[in-house]
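How do two protein chains meet, and what makes up the surface between them? This report takes the contact step by step.

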There are 2 protein chains.
Amino acid sequence: MDLRDVLAINLRRLRHAKELSQDDLAYEAEVSRSYLSQIEKGKYYASLKIIEKLAGVLEVEAWELLKLPGE
Amino acid sequence: MDLRDVLAINLRRLRHAKELSQDDLAYEAEVSRSYLSQIEKGKYYASLKIIEKLAGVLEVEAWELLKLPGE
């Protein structure tokens, strides 16, 4: 498991916890829905710019997106 | 302060703690020295790929590079 997978797991978990669709999160974070979909599949190494935006919408600190729960 | 600044502060702190030069860290992490220099100045939003490599050399978890000490 690399950082792409950790990010993907956390994004899906936190997005569901806030009851947001991929469309909702993508719109709020100003990223494309297709890009977000790929990130949630662990396909891309996102940049910190994207991570900052996603964390802002999900109301968590950016580092929390890179840390597995319980780690 | 945005994520670029947090990353810059942590990189400089951890690199100095391991008594590595920018050349040393760049070489070990397989990034260019000039790119590392810019990241340590908070100029760039690095990608997770780079952060993963830098964390590996500095022997910390990737999320620790995005978290301010004491936060």
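What follows covers the symmetry, the interface and one annotated span.

**Symmetry**

The model is predicted. A rotation of 180 degrees superposes chain A on chain B, with 0.0 Å of shift along the axis and an RMSD of 0.0 Å. The two copies are therefore related as by a two-fold rotation axis. Which residue of chain A comes closest to the rotation axis? Ser47(A) does, with its C-alpha at 2.0 Å.

The contact follows the same pattern. Of the interface residues of chain A, 100% are also interface residues in chain B, so the copies meet through the same surface.

**Interface**

The size of an interface is often given as the accessible area lost when the parts come together. Here chain A and chain B bury about 1,600 Å² between them. Carbon and sulfur atoms account for 71% of that area. Three residues stand out on chain A: Tyr45(A), Leu48(A) and Trp63(A) supply 42% of the area that chain A buries against chain B. No other three residues supply more.

Each chain brings 16 residues to the contact. Polar links are present too. Six residue pairs are in polar contact across the interface, with both residues at pLDDT 80 or more. Salt bridges across the interface number zero.

Two helices of chain A, H1 (3-17) and H4 (48-58), each supply at least two residues of the side that touches chain B. H4(A) gives the most, with four residues.

The table sorts the side of chain A that touches chain B by residue class.

| Class | Count on chain A side |
|---|---|
| Nonpolar | nine residues |
| Polar | one residue |
| Charged | six residues |

So charged residues sit on this side of chain A, yet the rule finds zero salt bridges across the interface.

**Annotated span**

An unreviewed UniProt entry annotates residues 11-66 of chain A as "domain: HTH cro/C1-type". This span is 61% helix and 0% strand. Its end C-alpha atoms lie 10 Å apart.

Technical notes
Residues are numbered from 1 along each chain as its sequence is written. Chains are lettered from A and ligands numbered from 1 in the order in which they are written. This is a predicted model: local features need pLDDT of at least 70, side-chain atom pairs count only at pLDDT 80 or more; totals for chains, interfaces and linings use all residues. Side-chain values use heavy atoms; hydrogens and water are left out. Contact means heavy atoms within 4.5 Å. Buried area is the accessible area (1.4 Å probe) that two parts lose on being put together, summed over both. A salt bridge is a side-chain nitrogen of Lys or Arg within 4 Å of a carboxyl oxygen of Asp or Glu. A polar contact is a pair of N or O atoms within 3.5 Å; within protein, one must be able to donate a hydrogen and the other to accept it, and residues adjacent in sequence count only if both atoms are side-chain atoms. Ala, Val, Leu, Ile, Met, Phe, Trp, Tyr, Cys and Pro count as nonpolar, Asp, Glu, Lys and Arg as charged, and the others, Gly among them, as polar. UniProt positions are given in the numbering used here, feature names are shortened, and annotations may be inferred rather than shown by experiment. Copies are superposed by least squares on the C-alpha atoms of residues with pLDDT of at least 70 in both.
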